[in-house]
Amino acid sequence: MSALNSILIPGQPLVLPKGPAPKFGSGIYLKDGKARASLIGVPKNEGGTISLSQQRPHPPAPSSVVLGTITRLSPQQALISITVIDGIPLPHGEEFTGVIRSQDVRATEKDKVKLAECFRGGDVVRALVISLGDAKSYFLTTARNDLGVVFATSEAGATLEPISWLEMRCPKTGRIEKRKCAKPPDL
């Protein structure tokens, strides 16, 4: 992905193309000699003028990859507050609700899943939308290697580090906690 095709957030510096200095259009401002984004969007270079076109969030649809925070756990399902859809963050205050049912956590041994060993409240999870679900929420799955917990804190308050697809370690105490970890995209 080139620098001009990546999504920028407000205040993020813009990587300028080599060659003559471009002109700046809408969505870009200068601060401390650096071009920065003033809104969420993708930069476009048209005729030597770089502008930022705003990316508008859309509701989750089947096959959308979402990021969200676990808000409630029960033995049958985990509720998630969805805040990012297909890499585009939702505006502050807007969110959707998702549900991960116990049978949708992993592809194998579905009947042996214990949600308390896969997620905890406050965990940030990457999931895939399977269907629109009921009137209140979307059905989600973490049954792929790249889906699952991407960020979690330990009981000691430290950021957990994944050590396998089923476990994370607290760097402060060395204690191992069970989670359904997402494989990092670059591995």
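**Exercise 1. Classify aspartate 104 and find its partner.**

Step 1. Aspartate 104 has 10% relative accessibility, so this residue counts as buried. The cut-offs: buried means under 20% relative accessible area, exposed over 50%, and partly exposed in between (1.4 Å probe, protein chains only).

Step 2. The model is predicted: local features need pLDDT of at least 70, side-chain atom pairs count only at pLDDT 80 or more, and totals for chains, interfaces and linings use all residues. Residues are numbered from 1 along each chain as its sequence is written, and side-chain values use heavy atoms, with hydrogens and water left out.

Step 3. Look for a salt bridge, that is, a side-chain nitrogen of Lys or Arg within 4 Å of a carboxyl oxygen of Asp or Glu. Side chains of opposite charge can pair when their charged atoms come close. Aspartate 104 pairs with arginine 101, and the closest N and O atoms are 2.8 Å apart.

Step 4. Classify the partner. Arginine 101 has a relative accessible area of 25%, which means partly exposed.

**Exercise 2. Describe the salt bridge of arginine 144.**

Step 1. The partner is aspartate 146, with the closest N and O atoms 2.8 Å apart.

Step 2. Check accessibility. Arginine 144 is partly exposed at 37%. Aspartate 146 is partly exposed at 29%.

**Exercise 3. Work out what the pair of glutamate 155 and arginine 175 ties together.**

Step 1. Confirm the contact. Glutamate 155 and arginine 175 form a salt bridge, their closest N and O atoms being 2.7 Å apart.

Step 2. Place both residues. Glutamate 155 sits in the loop between strand S12 (148-151) and strand S13 (161-162), and arginine 175 in the loop between strand S14 (167-169) and strand S15 (176-178), so the pair ties together parts that are 20 residues apart in sequence. Strands are DSSP runs (E, at least two residues), numbered from the N terminus.

Step 3. Add accessibility. Glutamate 155 is exposed at 58%, while arginine 175 is partly exposed at 45%.

Step 4. Widen the view. Both residues belong to a salt-bridge network that links Arg120, Asp123, Glu155, Arg175, Glu177 and Arg179. The structure holds 7 salt bridges.

**Exercise 4. Count the disulfides, then check cysteine 118 and cysteine 170.**

Step 1. The whole structure has 0 disulfides. A disulfide is a pair of cysteine sulfur atoms within 2.5 Å.

Step 2. Take cysteine 118. The closest cysteine sulfur, in cysteine 181, is 9.8 Å from its own sulfur, too far for a bond. Cysteine 118 is buried, at 4%.

Step 3. Take cysteine 170. This residue is in no disulfide, and the nearest cysteine sulfur, that of cysteine 181, is 14 Å away. Cysteine 170 is buried, at 2%.

Conventions:
Helices (H or I, at least four residues) and strands (E, at least two) are DSSP runs, numbered from the N terminus.
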